[in-house]
Amino acid sequence: MVRSLIDITDLSTEELEQLTNTALDIIEHPADYAHLCAGKKLATLFFEPSTRTRLSFEAAMYELGGNVLSVTDAASSSAAKGESVADTAKVISCYADIIAMRHPKEGAALVAAMNASIPVINAGDGGHCHPTQTLADLLTIRREKGRYSDLTVGLCGDLKFGRTVHSLINALARYENVRFVLISPEELKVPSYVKKEVLQKQGLSYVQTTDLEAAMPELDILYMTRVQRERFFNEEDYLRLKDSYILTPDKLRSAKKDLSILHPLPRVNEISVAIDSDPRACYFKQVSNGKYMRMALILKLLKEAGTL
Ligand code: NCD
């Protein structure tokens, strides 16, 4: 089986460091990378809505000089005829050199990777995980803070269904003296499997609270998230919980001067647009960091597969 990226834990700490260093080098010397993937094809299979992740992968491949084949909608693909993920993966392996796949079912990317003969990158599988968003988050933290250790990280919003949160906890858990403040409504707390298998197993320091304002003064990073409407079983619960947290300039009064505010986007209501001009807002920088990390990842996986 060729190497894929399904979960952020598939990458060692050294590999995360290498990817970050490659991304920083791409930012400095884009021309050195502009033709490395000439003649290679990335297939983006997105069976769930996405703007930035799909376009970010596609921009990444184009900036490496490669080409892109794209399925943007399950309804227009053979999935609508009942084709299995396994078969789709086998078929796409005949056309492309690497796959980026988003799917509403947890585990779908793993099934694709087990059946593809080319690398598969998980671009989000249901409420499970989203490792390349974490790569974007890590590069943002590195550029803003210069370190991954000795940080108090507040994660706020839908910590139950928010796959970006699960992957980020898994990534940051490996660094020294990282404290997590998990801020959510009771109903949207971090799933117990993440608490048991990551936070408790590794003896990490974390607190759970519903109170964003009380937590604010101690935070170095505030990672806001959208309430994941599409994963709710009923609309009433969504409507009740959707505006649980709205970050406004007022709420930032007690925050550190060097707080970094992250959000994987799309934003709905959780961050007021008045925050966008605050120098602590990093979410649009995060988007561009995501493209550079995806470039670094595509290069790494294609090299390991022997394609480059
Ligand atoms: C996230 C996702 O798809 O999980 N979006 C993204 O990829 N940047 C977050 C979200 O949809 O809320």
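Here is a short chat about a predicted model and a few of its local features.

User: Why are helix α6 and helix α7 called roughly parallel to each other?

Analyst: Look at the angle. The axes of α6 (residues 163–172) and α7 (residues 192–200) cross at roughly 10° and come within 10 Å. Angles under 35 degrees count as roughly parallel, so α6 and α7 are roughly parallel to each other.

User: What makes the contact between them?

Analyst: From α6 you have His-166, Ile-169 and Asn-170, while α7 brings Tyr-193, Val-194, Val-198 and Leu-199. Sorted by class, that gives five nonpolar residues, two polar ones and no charged ones.

User: What makes the Thr-53 side chain a polar contact of the ligand?

Analyst: One of the polar side-chain atoms of Thr-53 sits 2.7 Å from a ligand oxygen. The cut-off for a pair of N or O atoms is within 3.5 Å, so this pair counts. His-130 also has a polar side-chain atom 2.7 Å from an oxygen of the ligand, and for Arg-102 the distance is 3.0 Å.

User: How much of the ligand does the protein bury?

Analyst: The protein buries 94% of the 310 Å² that the ligand exposes when taken alone. Residues around the ligand include Arg-52, Gln-133, Leu-265 and Pro-266.

User: What is there to say about the peptide bond from Leu-265 to Pro-266?

Analyst: That bond is cis, with omega near 5°. Pro-266 belongs to the loop between β9 (260–262) and α10 (283–304), and Leu-265 is found in the loop between β9 and α10 too. Leu-265 also has a positive phi of about 65°, though it isn't a glycine.

Definitions and conventions
Residues are numbered from 1 along each chain as its sequence is written. This is a predicted model: local features need pLDDT of at least 70, side-chain atom pairs count only at pLDDT 80 or more; totals for chains, interfaces and linings use all residues. Side-chain values use heavy atoms; hydrogens and water are left out. Axes are lines fitted to C-alpha atoms, for helices over the stretch in contact, and angles run from 0 to 180 degrees between N-to-C directions. Helices (H or I, at least four residues) and strands (E, at least two) are DSSP runs, numbered from the N terminus. Angles under 35 degrees count as roughly parallel, over 145 as roughly antiparallel, 65 to 115 as roughly perpendicular and the rest as oblique. Contact means heavy atoms within 4.5 Å. Ala, Val, Leu, Ile, Met, Phe, Trp, Tyr, Cys and Pro count as nonpolar, Asp, Glu, Lys and Arg as charged, and the others, Gly among them, as polar. A residue is near a molecule or strand if one of its heavy atoms lies within 4 Å of it. A polar contact is a pair of N or O atoms within 3.5 Å; within protein, one must be able to donate a hydrogen and the other to accept it, and residues adjacent in sequence count only if both atoms are side-chain atoms. Accessible areas come from the Shrake-Rupley method with a 1.4 Å probe; for residues, only the protein chains shown count as cover.
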